[in-house]
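The following exchange sets computed values against the definitions behind them. Please keep the displayed model in view while reading.

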Amino acid sequence: MGLLDGQVAIVTGAGQGLGESIALEFAREGAAVALLERNPETLEATRAKIEAAGGEAKAFALDITDYVAYAQVVKDTVAWKGKIDALVNNAAIALYGTILNDSLDNWRKQINVNLEAVYMGSKLVAPHMVERQYGRIISIASIQGFAASGDAGPYNAAKGGIIAYTKSMAVELGQYNILVNAVAPGFMRTPMSFVNGEDETTTPDFLEWYVKRGKVPLRRTGLPEDVSGTVVFLASSYCRYMTGQLLVVDGGLMSTF
Ligand SMILES: NC(=O)c1ccc[n+]([C@@H]2O[C@H](COP(=O)([O-])OP(=O)(O)OC[C@H]3O[C@@H](n4cnc5c(N)ncnc54)[C@H](O)[C@@H]3O)[C@@H](O)[C@H]2O)c1
């Protein structure tokens, strides 16, 4: 018996990192997973892994900022399985820069993928969930949605927007038994943690400050599977009276000063 037996979930950015891990975990727990990803190769790799493990998945190659394509994928998912129980808004991009040297183009790109696509996916699945009086919308924010690193303003703004919009949707959709929550990961080792070709979670500075001196109290970088279980919880029947919340999964980082 899996925690998500019989459920149907959409996971965006399912080709690598947290999205891949969430998709694999959902499938292991019994959900049929619609994988949304712009990179067809990593998309196919995740699909193959799920099927090899005996799970069920359908792959959709698209850019989730394309509203028309996204709407078609939601339609196709409903046609495939008849319903959508959960949407995991996970896909994002990170482009570094400060307000002094960043460009408007980089701002728009990040707001489009990291925030607007969360709105679009949620808007597209909500009517199906309302019809069934059941649904879970789970968005991957970041600790950078409420604490800044100083070189990622548009990313931070989008993540803060997710946190606010999660509350907004929770209030709007609660009457339909749709639970809307968010997760804020801390430092995770994924392809996104590579900045200018270097894994920011393995630099000497990172290891000294965050690991050795315990700025991350659990004294290690997070791994995708540290987050995917939390997302499964939010989609499962163990989570039923909690909505509009942000779960911080950061090894204790934000509890220190
Ligand atoms: N890695 C971290 O340290 C960290 C920390 C906090 C929050 N997060 C958040 O976790 C989530 C996953 O991050 P990750 O580290 O796995 O990132 P990642 O870059 O490793 O993976 C993101 C995936 O999303 C896909 N994607 C990006 N834009 C897309 C688009 N327009 N359409 C379709 N697919 C698209 C990418 O192709 C990629 O497969 C993101 O929301 C990220 O902001 C990550």
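Q: Which residue of strand 6 is the bridge partner of Ile 140?
A: Ile 140 has Val 183 in strand 6 as its bridge partner. Strands here are DSSP runs of E with at least two residues, and helices are DSSP runs of H or I with at least four, numbered from the N terminus. The model is a predicted one, in which local features need pLDDT of at least 70 and side-chain atom pairs count only at pLDDT 80 or more, while totals for chains, interfaces and linings use all residues. Residue numbers start from 1 along each chain as its sequence is written.

Q: What makes strand 5 and strand 6 a pair?
A: Two strands pair if DSSP finds at least two bridges between them. Strand 5 (residues 135–140) and strand 6 are joined by six bridges in the parallel sense, so the definition is met.

Q: Through which helix does the chain cross from strand 5 to strand 6, and what is the hand of this crossover?
A: The chain passes through helix 5 (residues 153–173), and the β-α-β crossover is right-handed. That term applies if, with the strands pointing away from the viewer, the path from the first strand over the helix to the second runs clockwise.

Q: How many bridges pair strand 6 with strand 9?
A: Strand 9 (residues 246–249) pairs with strand 6 in the parallel sense over four bridges. Within strand 9, Leu 246 stands opposite Ala 182.

Q: Why is strand 6 described as largely enclosed by the rest of the structure?
A: A residue is buried if 20 or more other C-beta atoms, placed from the backbone, lie within 10 Å of its own, exposed if 12 or fewer do, and partly exposed in between. Eight of the eight residues of strand 6 (residues 178–185) are buried, so the description follows. Ile 178, Val 180, Ala 182 and Ala 184 point one way, Leu 179, Asn 181, Val 183 and Pro 185 the other way, and all are buried.

Q: Why does Leu 124 count as buried?
A: Leu 124 lies in helix 4. Leu 124 has 20 C-beta neighbours inside 10 Å, and therefore counts as buried.

Q: How do you know what span helix 4 should have?
A: The expected span is 1.5 Å times one less than the number of residues. For the 29 residues of helix 4 (residues 104–132) this gives 42 Å, and the end C-alpha atoms are 41 Å apart, which agrees.
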